[in-house]
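Grab a pencil and open the viewer. Here are some short exercises on a two-chain model, each with a worked solution.

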Amino acid sequence: MKKNISVFSIVLLFLISCNNEQQKKEATVSLTHIKQNNYATYFKIYKEADFAALVTYVNKDKTDSLVYVLYSNEKPKLNSNAYYIKTPLKSAAVLDAFFIGALNNLNCLNYITAIDNSDYVYNPIIKKKCAENKVQQLSKSGVLNIEQTLVCKPEALFINPSGDTKKDFDPRLLKATITPVVCADYYENNPLGRVEWVKALALFFNVEQRADSLFSSIEKKYVQLQSITDTCTNKPTVFTELKTGDVWFVPGGKSTTAQLLKNAGADFIFKDNDKTASVSLNMEQVISKATNADYWINLHYCNIKTDIIKQDKRYAVFNAYKKGNLYNNNALIDETGGNAYWESGLNHPDELLADLIKIFHPALLSQHTLKYYKQLK
Amino acid sequence: MSFAKKYLLLILLTFILFVLDIASGSVFIPVNRILACFTNHANVTDTIIVLGFRLPKAIAAICAGSALAVSGMLMQTFFKNPLAGPYVLGVNSVSSLSVALFMLGSGGVASSFLHTLGIPLASSLGAMAGLLLIMFIAKKIQNQTHILLIGMMIGFIAGAWQSVLEYLSSSMRLKNFVIWNMASLSNVTDNDLLIFCSIVVICFVACLFLIKPLNALLLGDEQAYLLGINISVLKNVVLILTALLSGVTTAYCGPVGFVGLALPHLVRIFFKTTHHLHQLLGNILAGACFLLLCDVLSNLPIFDVTLPVNVVTSLFGAPFVLWLILKNKNTLA
């Protein structure tokens, strides 16, 4: 469903951040044409005649936001503290696998000039370019290398929020006209909401129509698949993950994973909480609830059944283990650990949903072959 | 209070804490259901939690606590230094580095058997290497404060190399190592316990044969030599036992701090003697009590999740070390 509503006239207040503190004053900019999102709640798009404004929320509570003004011709004179970016971008650094998948869907892979670490990238084109040094790796150690970023000089740096906006907006990057674009896509609690971020990313490359049609197609397939399980009365119980140290991080009851499991006609054991982020449990708590669960999915780096008990032989007590109902989301993984699930998978929740329906209700999708998931044997 | 009463008190305390450790956890299981687990009349989930999870954890706490306390006692006698301990002298850090080299650098060595045996071996060898290094330096430098500082520096260097290895390793191997490095009693399974307990018990039995030589060592190397003690053989045996005790504990439970440093002092204060028979038995019991107590505290419902046992031992141990330094500031200077 695509809606372009120009009904509301919303006035945003932009604080002027002049260099001279004494000249500080407020300016108002009227943005009249909001492009309504179907699912995503952590960004808003305003389409004006000669520019677009993207508002992204950078914290979970949506109390902190950023404004990006994107223009193709003349820079609009808004006199505000928004970040101005001329589009289409010719070079972009993307520091998360999700963005690579999204740009691949938009046919904008060529504009990627830098990533975080090629070891965790699955896309063979980007991987090859990294090997040939045509795409730089800016965060091999897990921390952004500012010097390398300055040398690489991408026009925009697509990142996830760190929780500290000051840290995200390193003044050295801004001075070099490298604008960090903070995308809180992983805060979305609906799989379709997350993939809708493709519309926000499309603004930077002037491929909005492609994004709209892509999203509509994914949404249509997802809703169709979802309707298949609507009438299911038999909902197999499922739990996820392995423990890390003493802590067993399970997805929150309102997370994208919980939503996917619900839509796939499964009964997620730990659904009864209103958390969108992970919930920390320990092994006792998981054993007490999940011993008799039918399925166990998302098993970290495990490739075969015995990989699980190599980590802790007590995992064998779970009924799902005994039955062999173990499915991991690493069917497409390369030798360095790059996993397609985090790139194309999260950008195709319809395909993830199809995989999960096939796992929990094989008869409903008999023709489907698992793509991102595999059974551990 | 007589020695017999003190031992009785410690044994009783160990028993109470052992029962409490099995009875407490994040999932509430009534006492009658816990007892049923031992008589095969419990439901499957209760049995798994109590016998497969809480019982091995409590036994691991006893083994690790007593092993680290005895290891600390041996080091304090050996270095004639009240602040010596596997954590302070960098032995734990070198042991961790050795495990990091094994886990992050072993590449395709994925054989379960080799992996099970490799970590304790790497950890013990690392502990031994750390101790040898400290011993070598102790021969050159007599000043106790300098030895402690050097031990800490060795710990920093080992920690820095460990960080380098972590940066260079793949995410999958790094994850396994980070999990190990978090220090946890709950990762010890009944198979591990067999090896762990065996090594610890053998070391304790060996320590019983060292009571007289260790007492003599308190008088100084020359006096001990005049009493007929072969100093070099004694030092080598103490070195091997200390490395095995702290190494095997680090291997199965991760690097647990402060137990080895703080407990020997508490035992000395409690028993009011430096005789090594009482020191040995006292440290075995007090170490077990201390780590069982830490494990019970780490599972308190107020924390919502299980705290790493290392955090709890440090919360107790660090204030104690501060108190010790302040109390002995004149003698340490």
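Below are five exercises, each followed by its steps.

Before starting, note that this is a predicted model: local features need pLDDT of at least 70, side-chain atom pairs count only at pLDDT 80 or more, and totals for chains, interfaces and linings use all residues. Residues are numbered from 1 along each chain as its sequence is written, while chains are lettered from A and ligands numbered from 1 in the order in which they are written.

**Exercise 1. Work out whether the radius of gyration of chain A agrees with that of a compact globule.**

Step 1: take the rule, which is 2.2 Å times the number of residues to the power 0.38, with the radius taken over C-alpha atoms. Step 2: put in 377 residues, and a compact globule should come out near 21 Å; chain A has 22 Å, so the two agree. Step 3: look at the outline; the C-alpha atoms of chain A fill a box of roughly 70 × 45 × 40 Å along the principal axes. Step 4: check burial, where a residue is buried if 20 or more other C-beta atoms lie within 10 Å of its own, exposed if 12 or fewer, and partly exposed in between, with C-beta atoms placed from the backbone. On that count, 44% of the 377 residues of chain A are buried.

**Exercise 2. Find the strand order of the open five-stranded sheet in chain A, and its edges.**

Step 1: get the terms straight. Helices (H or I, at least four residues) and strands (E, at least two) are DSSP runs numbered from the N terminus, and two strands pair if DSSP finds at least two bridges between them. Chain A has 14 helices and 19 strands by this scheme. Step 2: read off the order, E10-E9-E8-E11-E12, with parallel pairing. Step 3: E10 (136–137) and E12 (179–182) of chain A are the edge strands, each pairing on one side only. Step 4: zoom in on E8 (residues 92–94) and E11 (residues 156–159) of chain A, which pair in the parallel sense over three bridges. Here Ala92(A) has Ala156(A) as its bridge partner.

**Exercise 3. Which strands does E13 of chain A join through bridges?**

Step 1: E13 (residues 237–240) runs parallel to E15 (residues 267–268) of chain A, joined by two bridges; Thr237(A) is partnered with Asp267(A). Step 2: E13(A) also runs parallel to E17 (residues 295–297) of chain A, this time with three bridges, and Val238(A) stands opposite Tyr295(A).

**Exercise 4. Describe how the two domains of chain A meet.**

Step 1: the bounds, from an automatic or database domain assignment, are 10–217 for domain 1 and 231–375 for domain 2 of chain A. Step 2: their C-alpha centres lie 31 Å apart. Step 3: count contacts (C-beta atoms, placed from the backbone, within 7 Å); 21 residues of domain 1 of chain A touch 19 residues of domain 2 of chain A. Step 4: on the domain 1 side, H1(A) gives the most, with seven residues.

**Exercise 5. Does the length of helix H13 of chain B agree with or depart from the expected span?**

Step 1: the expected span is 1.5 Å times one less than the number of residues. Step 2: for the 23 residues of H13(B) (residues 276–298) that makes 33 Å; the end C-alpha atoms are 31 Å apart, which agrees. Step 3: as for its surroundings, 20 of the 23 residues of H13(B) are buried.
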